[in-house]
Amino acid sequence: MATSSIYANIKITEPEKAEAFVDALEASIADSMPVSNTPKKTALSNPDKIREILAKREYKK
């Protein structure tokens, strides 16, 4: 969908059409992509911890 369509001026004069528009907006919110509850990965900066992890990886080979 083009971004410019979001900024269009809308004039609704009939109450039934206003209700239908609001229902469509609510439905689009309900159908939006769910937020992931998985934890975000963080970068390691501790050299000792990095060595420890890599040592485990080398050992498994």
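**Surface charges, salt bridges and patches in a predicted two-helix chain**

Asp 48 is an exposed residue, its relative accessible area being 54%, and in this predicted model Asp 48 takes part in a salt bridge with Arg 51, in which the closest N and O atoms lie 3.2 Å apart. Arg 51 is likewise exposed, with a relative accessible area of 54%. Both residues belong to helix α2, which spans residues 47-60, and they are separated by 3 residues, or about one turn of the helix.

The protein chain as a whole contains 2 helices and 0 strands. Of its 61 residues, 0% are buried, a class that is reserved for residues with under 20% relative accessible area. The chain exposes about 6500 Å², and 59% of this area is supplied by carbon and sulfur atoms.

Across the whole structure, 3 salt bridges are found. Besides the pair formed by Arg 51 and Asp 48, a salt bridge joins Glu 52 to Lys 49, with the closest N and O atoms 3.7 Å apart, and another joins Glu 52 to Lys 56, where the corresponding distance between the closest N and O atoms is 3.8 Å. Lys 49, Glu 52 and Lys 56 are thereby linked in a network of salt bridges. Within helix α2, Glu 52 and Lys 49 are separated by about one helical turn, because they stand 3 residues apart, while Glu 52 and Lys 56, both in the same helix α2, are 4 residues apart, again about one turn of the helix. Glu 52 counts as partly exposed, since its relative accessibility is 38%, and Lys 49 is also placed in the partly exposed class, with a relative accessibility of 36%.

Charged residues also gather elsewhere on the surface, where Glu 14, Glu 16, Glu 19, Asp 23 and Glu 26 form a negative surface patch. One of these residues, Glu 14, is located in the segment that comes before helix α1, the helix of residues 15-30. With a relative accessible area of 38%, Glu 14 is partly exposed; this value satisfies the requirement for patch residues, which must have over 30% relative accessible area and no salt bridge.

A second kind of patch is nonpolar in character, covers about 410 Å² and is made by Ile 10, Ile 12, Phe 21, Val 22 and Leu 25. Among its members, Ile 10 is found in the segment before α1. Ile 10 counts as exposed, because its relative accessibility is 55% and the exposed class begins over 50%.

Taken together, the segment before α1 contributes Glu 14 to the negative patch and Ile 10 to the nonpolar patch, whereas helix α2 holds the salt-bridged pair of Arg 51 and Asp 48 as well as Glu 52 with Lys 49 and Lys 56.

Key
Residues numbered from 1 in each chain as written. Predicted model: local features only at pLDDT ≥ 70, side-chain atom pairs only at ≥ 80, totals over all residues. Heavy atoms only, no water. Patch = residues over 30% accessible without salt bridge, like charges linked within 9 Å, V, L, I, M, F, W, Y side chains within 5 Å. Areas by Shrake-Rupley, 256 points an atom, 1.4 Å probe, with all protein chains shown as cover. Salt bridge = Lys/Arg side-chain N within 4 Å of Asp/Glu carboxyl O. Lys, Arg positive; Asp, Glu negative; His and termini not counted. Charge placed at Lys NZ, Arg CZ, Asp CG, Glu CD. Buried < 20%, exposed > 50% of the residue type's maximum accessible area, 1.4 Å probe, protein only.
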